[in-house]
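The exercises below are meant to be worked through with the sequence and the model in view. Try each task before reading its solution.

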Amino acid sequence: MTRAIKRLAVLTSGGDAPGMNAAIRAVVRTAIYNDLHVFGVERGYQGMIEGKIRRLETGDVGNIIQRGGTMLKTARSMEFMTPEGRARAYESLQAFDIDAIVAIGGNGTFTGAKVFSSEYDIPIVGVPGTIDNDLYGTDLTIGFDTAINTAMEAADKIRDTAYSHNRLFFVEVMGRHAGFIALHSAIGSGAGGVMIPENNYNIDDLVLHLKKSAKRQKPFGIIIVAEGNKEGGAAAVAKQVQERIENYDTKVTVIGHLQRGGSPTCIDRVLASRLGYEAVNALLAGKSNVMVGILNNDLSFTSFDDAINRTKPVNDSLMRMAQILAL
Ligand code: F6P
């Protein structure tokens, strides 16, 4: 039998992602619309352990939809990985009579949610928020679109100086073990090459490709390297290429945490609003232990298990196209 939910907590955990605020706003306002009391947990699971929980009203989430980061702050909690930490977190929830949770985050967040809901009887629905876009069960995660635009704009700027100085730049982008940010920002910026963890494109292929470019007298370029690339990040790839082709003046740029900040794009704001709204509806409909996502523009629910453990494939034809267009 579905238990009536009256008091809902929302948290953001793991790496922040642009659009998380829009998701928090949607959760809070949808919950209030449905006559629930809503509470914000500060700094994710760590704040739950420490009892950093406060009531949120409609006005508390005003003027945040356009802001990057997360108004609730975030953390990667080591303590929540222990049974003692989770027991303390449950005590805090009980102190506030909280009977359901919306957890916004990525892989680590849903791993925590899965363990917690197996130990304690509290329904949790997850909202995918990570720039990496590496969650199975949703076409896009909140923050990905903003991050690829940031990475693309950075690559555009680097291209100006690469062209002016006849230099070859290796630009490293985030993504942890996934190459989605690299692939999309490479296509968008017209990069001369892209290296991602998901395929077998290696240094030999890249060197061959660069030799072809050199033949047609192209003395500058940008190669986008995913941080999780099997042959190493941008510095390692640049070093190996330099050892094999001497006539390039090479430079390395790591875009880093720039990719995590900034005002979310409209796509991210709409996605986050939709997912936050649907997460509350899902809890009210009795769903638990699932991530809400969008697949082919339709709402979808994926078990935490699948969202975390199944691999979201990179579109092979996009990768092939990126290589062909980079010739
Ligand atoms: O998961 C988001 C992400 O930005 C990854 O792309 C990156 O590998 C990681 O977080 C960096 O984490 P931190 O900010 O904790 O160093």
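**Exercise 1.** In this predicted model, determine the handedness of the crossing of H5 and H6, and then describe how the two helices pack and which residues make the contact.

*Solution.* The crossing of H5 and H6 is right-handed. The contact is made on the H5 side by Phe144, Ala147, Ile148, Ala151, Met152, Ala155, Asp156 and Arg159, and on the H6 side by Phe180, Ile181, His184, Ser185, Gly188 and Ser189. Sorted by class, the residues in this contact of H5 with H6 are eight nonpolar, four polar and two charged. As for the geometry, helix H5 (residues 144-165) and helix H6 (residues 180-189) pack with their axes 8 Å apart and at an angle of about 50 degrees. That angle makes H5 oblique to H6.

**Exercise 2.** Locate Gly256 and decide whether Gly256 is buried or exposed.

*Solution.* Begin with the chain: Gly256 is found in the loop between strand S9 (249-254) and helix H9 (266-284). Its relative accessible area is 15%, and buried means under 20%, so Gly256 is buried. Leaving aside residues up to four places away in sequence, Gly256 touches Glu172 and Met174.

**Exercise 3.** Describe the protein chain as a whole, and judge how compact the chain is for 327 residues.

*Solution.* The secondary structure of the protein chain comes to 11 helices and 11 strands. The radius of gyration is 22 Å, close to the 20 Å that the globule rule gives for 327 residues, so the chain is as compact as a globular protein of that length. Along its principal axes, the C-alpha trace spans about 70 × 35 × 35 Å. Finally, buried residues make up 54% of the 327 residues.

Methods:
Residues numbered from 1 in each chain as written. Predicted model: local features only at pLDDT ≥ 70, side-chain atom pairs only at ≥ 80, totals over all residues. Heavy atoms only, no water. Axes fitted to C-alpha atoms, helices over the stretch in contact; angles between N-to-C directions. Helix = DSSP H or I, 4+ residues; strand = E, 2+ residues; numbered from the N terminus. Parallel < 35°, antiparallel > 145°, perpendicular 65-115°, else oblique. Left-handed = near helix turned anticlockwise from the far one by under 90°. Contact = heavy atoms within 4.5 Å. Nonpolar A, V, L, I, M, F, W, Y, C, P; charged D, E, K, R; others polar. Buried < 20%, exposed > 50% of the residue type's maximum accessible area, 1.4 Å probe, protein only. Rg over C-alpha atoms; globule rule 2.2 N^0.38 Å.
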